[in-house]
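Subject: the model I promised you

Hi,

Here is the structure we talked about, with my notes underneath. Have a look at it first, then read on.

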Amino acid sequence: MNDGDREEIARLLPAPADQDLPREQHLRHKELLMHRIDQDIARDNARETGRDHAREAGRQRRERPTGVRPGRRLLRPALLAPATALTLAAALAAGVALNGGARGHSGTSAHRVATDMRPAAALLGRISDAAGERSTPRVRDDQFVYTREKAQGADLTSGKAVLDPLRERESWSAQEPGPLRRLGLVRENGETLPVNAELGDTDGTPAGLSRPTYGWFGTLPTDPGKLLTYLYAHTPFAEGRGRDQAVFEQIGSLLGGMMPPATAAALYQAAAKIPGVTAAPRAHDAIGRRGLGIARDDTRYGVRTEWVFDKDDYSFLGSRSYLIKDRSYGKAGTLLSSEAELEVAVVDRAGERP
């Protein structure tokens with residue numbers, strides 16, 4: 001397994017402190033998951049290669065060959081995500097991105113206009129306007145952002161997507177710019193655990209994409225185009241994952257927290273510029289609240305990610321992801337992850353409820 005594979009596995013999985021599996025069992029589950037994914041991709045590529053060979057043979061019968069066709073690479077998907085602390089991978093819409101690995105972009109689709117997203121662009125415009133007008137408390141560096149949510153996710157360790165029960169989770173995120181070795185606390189199933197620094201951050205994790213704080217949000221560009229350029233440049237690369245999908249999911253991981261209104265407004269306008277973003281009229285969150293949906297399909301891996309917003313005030317309600325193609329681990333429509341945000345507040349100490 002190369003370093004890129006290890007980084008990709010780390011991106012898919014919850015932070016070590018957020019799960020209580022023994023380390024050996026946790027690592028075994030990761031290997032089982034990647035083996036299953038590799039089988040799916042190898043099977044898909046074998047079918048595609050067979051079709052390519054048949055087309056090539058027909059072409060060669062009609063004309064003289066002009067060169068050698070390059071071999072295909074088998075790519076791992078950056079995929080799937082149980083959202084709870086006891087399951088294996090992290091939610092698509094709320095996945096944790098590792099620091100580092102950022103590359104510049106040149107001529108990316110960040111600067112293209114998608115032709116299939118006009119309804120989504122109009123909806124995101126209304127959501128942006130509402131976010132810009134919403135008042136939020138200023139958060140000091142010595143405080144914590146408290147979040148209460150309900151979430152569930154599919155465990156893939158058996159080779160089939162098995163949906164975990166819906167669980168309530170509370171978290172306290174430190175707002176110090178860092179780098180920090182202790183990022184906060186998480187409470188689930190009556191157990192409170194520390195959230196430690198991101199994998200590989202031996203000196204602690206600073207505020208940033210993988211640990212967004214109110215202060216860090218305030219440093220981001222509020223011009224939507226410049227903000228999107230920043231996101232395309234700094235969202236970690238994952239082999240096999242398209243940049244548009246990666247940035248859409250990166251934005252999704254930032255939603256639902258506490259940020260300055262101007263930043264929130266710019267974030268939604270930036271999302272409207274990503275090609276392939278569509279409206280999702282039947283979207284709902286983990287507790288069944290129906291709302292206005294924004295979605296994007298990862299067509300290579302057959303997964304749709306949706307964000308859900310309140311129909312009246314356009315506030316963020318939650319997100320979910322599910323299969324849109326039959327895969328070996330589930331049929332189209334199989335739920336992979338679902339979250340519902342119940343409360344967001346600012347408190348002075350980790351473990352304190354508002």
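Let me start with a proline. P179 sits in the loop that joins β3 (167-174) to β4 (182-188), and the peptide bond leading into it from G178 is cis, with omega near 10°. Most peptide bonds are trans, which is what made me stop there. Do bear in mind that this is a predicted model.

While we are on backbone geometry, two other spots are worth a click. N189 has a positive phi of about 55° although it is not a glycine. You will find N189 in the loop between β4 and β5 (191-196), and at 53% relative accessibility it counts as exposed. Y314 also has a positive phi, about 65°, again without being a glycine; its place is the loop between β8 and β9. For context, most residues other than glycine have a negative phi.

How far to trust it

The mean pLDDT of the chain is 77, and 67% of the residues reach 70 or more. Two stretches stay under 50. One is residues 8-31, where the model has 53 contacts beyond four places in sequence. The other is residues 56-117, with 179 such contacts. I'd keep those two stretches in mind when you go through the coordinates.

The overall picture

The chain has 354 residues, 51% of which count as buried. Its secondary structure comes to seven helices and ten strands. Taking contacts with a separation of 6 or more, 64% are between residues 24 or more positions apart.

The cores

Which residues have the most contacts inside the largest nonpolar core? They are I251, I294 and W307, in a core of 34 residues. The elements that give two or more residues to this core are α3 (118-133), α4 (214-217), α5 (224-234), α6 (243-254), α7 (261-272) and β8 (303-309). Of these, α7 gives the most, with seven residues.

W307 is a good place to centre your view. Leaving out neighbours within four places in sequence, W307 is in contact with F248, I251, G252, L255, A271, L292, G293, I294, F316, G318 and S319. Apart from the largest core lies another one, of eleven residues, including F144, L183, V195 and V347.

The α5 neighbourhood

Helix α5 has several buried residues: P224, L227, L228, L231, Y232 and A233. What do the buried residues of α5 pack against? Both α6 and α7. At the N-terminal end of α5, D223 acts as a cap, with a side-chain oxygen 3.1 Å from the backbone nitrogen of G225.

Now the two packings in turn:

- α5 and α7: the axes come within 8 Å and cross at roughly 75°. That falls in the 65 to 115 degree range, so the two helices are roughly perpendicular to each other. On the α5 side the contact is made by P224, L227, L228 and L231, and on the α7 side by A266, L267, Q269 and A270.
- α5 and α6: these pack at an angle of about 110°, with their axes 10 Å apart, and so they too are roughly perpendicular to each other. Here L228, L231 and Y232 of α5 meet R243, D244, V247 and I251 of α6.

Put together, L228 and L231 turn up on the α5 side in the contact with α7 and again in the one with α6. I251, on the α6 side, is also among the residues with the most contacts inside the largest core.

Two buried polar residues

Is S319 buried or exposed? Its relative accessible area is 4%, and the cut-off for buried is under 20%, so S319 is buried. S319 belongs to strand β9 (residues 316-323) and is one of the residues in contact with W307. Its side chain makes a polar contact with the side chain of E339, at 2.6 Å.

The other is D164, in the loop between β2 (162-163) and β3. D164 has a relative accessible area of 14%, which means that it is buried as well. D164 and Q152 are twelve residues apart in sequence, yet their C-alpha atoms are 5.8 Å apart in space.

That's what I have for now. Shout if you want to go through any of it together.

Cheers

Definitions and conventions:
Residues are numbered from 1 along each chain as its sequence is written. This is a predicted model: local features need pLDDT of at least 70, side-chain atom pairs count only at pLDDT 80 or more; totals for chains, interfaces and linings use all residues. Side-chain values use heavy atoms; hydrogens and water are left out. pLDDT is the predictor's confidence in each residue, from 0 to 100. Contact means heavy atoms within 4.5 Å. A nonpolar core is a set of buried Ala, Val, Leu, Ile, Met, Phe, Trp, Tyr and Cys residues joined through side-chain atoms within 4.5 Å. Buried means under 20% relative accessible area, exposed over 50%, partly exposed in between (1.4 Å probe, protein chains only). Helices (H or I, at least four residues) and strands (E, at least two) are DSSP runs, numbered from the N terminus. A polar contact is a pair of N or O atoms within 3.5 Å; within protein, one must be able to donate a hydrogen and the other to accept it, and residues adjacent in sequence count only if both atoms are side-chain atoms. Axes are lines fitted to C-alpha atoms, for helices over the stretch in contact, and angles run from 0 to 180 degrees between N-to-C directions. Angles under 35 degrees count as roughly parallel, over 145 as roughly antiparallel, 65 to 115 as roughly perpendicular and the rest as oblique.
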